[in-house]
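Me: I'm new to reading protein models, and I'd like a close look at one part of this one: the salt bridges. Could you walk me through them?

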Amino acid sequence: MNAVREWSAAICLTALVATFLQSLVPGGSMERMVRFVLGAFMICAIIVPLAKTAPQIGTWFQVDTSSRSSSPFVGTVDRQISEAAQESIQNLVITECRNIGVKCKNVRVFMDTNEDGSISINKVVVILAKGYRSDCEKASAHLQKVLGLKTEVIADENG
């Protein structure tokens, strides 16, 4: 009961202060701004004591972060992110090979996912189509420059 009495006293005191401050403000364009600020002040005066007297209210709004690691969807989402990153790099490599006039047969991306969810790309292996053996060095130098990653380019001799 004491908490309710303190809360109501705080609201009354806030209302008196707000009324006094509003009477000091001259009319005009500043009056709207002062009303807004005093309204926010009143809302805070109502909410803050309520939050102090009922701390369990705050626990309703807390997010349970431990459920993320045990969620069945986490593995699926992580796998999809990894696949999307791989596909993006593969498309970039194919486009860059096409830009320098080299036909790409296959692209493999070797990457790891760290504990914090970040992806580390270790190496990109590009297999050029049959007949492009002489372009391996050119393609490797170009891809390393564009991607900024360790890139191994080999030619397919099997067809």
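Reply: Let's start with a term we will need: a residue is called buried when its relative accessible area is under 20%, exposed when that area is over 50%, and partly exposed in between. Keep in mind, too, that you are looking at a predicted model.

A search of the whole structure turns up four salt bridges. We can visit three pairs, including one that involves a buried residue.

That one is the pair of Asp 156 and Lys 105, whose side chains form a salt bridge with an N to O distance of 2.4 Å. This pair connects distant parts of the chain: Asp 156 lies in the segment after strand E3 (151-155), while Lys 105 belongs to strand E1 (residues 104-113), and the two are 51 residues apart. Now put the definition to work. Asp 156 has a relative accessibility of 10%, so it counts as buried. Lys 105, in contrast, has a relative accessible area of 49%, and therefore it is partly exposed.

Next, find Lys 123 and Glu 152, where the side chains meet in a salt bridge at 3.1 Å, N to O. Here again distant parts of the chain are linked, with Lys 123 in strand E2 (residues 119-128) and Glu 152 in strand E3, 29 residues apart. What about their accessibility? Lys 123 counts as partly exposed because its relative accessibility is 25%. Glu 152 is also partly exposed, because its relative accessible area is 34%.

For a pair within one helix, turn to Glu 83 and Arg 79. They form a salt bridge in which the closest N and O atoms are 3.3 Å apart. Both sit in helix H5 (residues 72-99), and because they are four residues apart there, about one helical turn separates them. Glu 83, at 41% relative accessibility, counts as partly exposed, and Arg 79 is partly exposed as well, with a relative accessible area of 43%.

If you would like to practise on a residue outside these pairs, try Ile 47, which is found in helix H2 (residues 29-53). Its relative accessibility is 49%, so Ile 47 counts as partly exposed. You can also look from Ile 47 to Ile 11: these residues are 36 apart along the chain, and 9.8 Å separates their C-alpha atoms.

To recap the pairs: Asp 156 with Lys 105 links distant parts of the chain, as does Lys 123 with Glu 152, while Glu 83 and Arg 79 lie in helix H5.

Conventions. Residues numbered from 1 in each chain as written. Predicted model: local features only at pLDDT ≥ 70, side-chain atom pairs only at ≥ 80, totals over all residues. Heavy atoms only, no water. Buried < 20%, exposed > 50% of the residue type's maximum accessible area, 1.4 Å probe, protein only.
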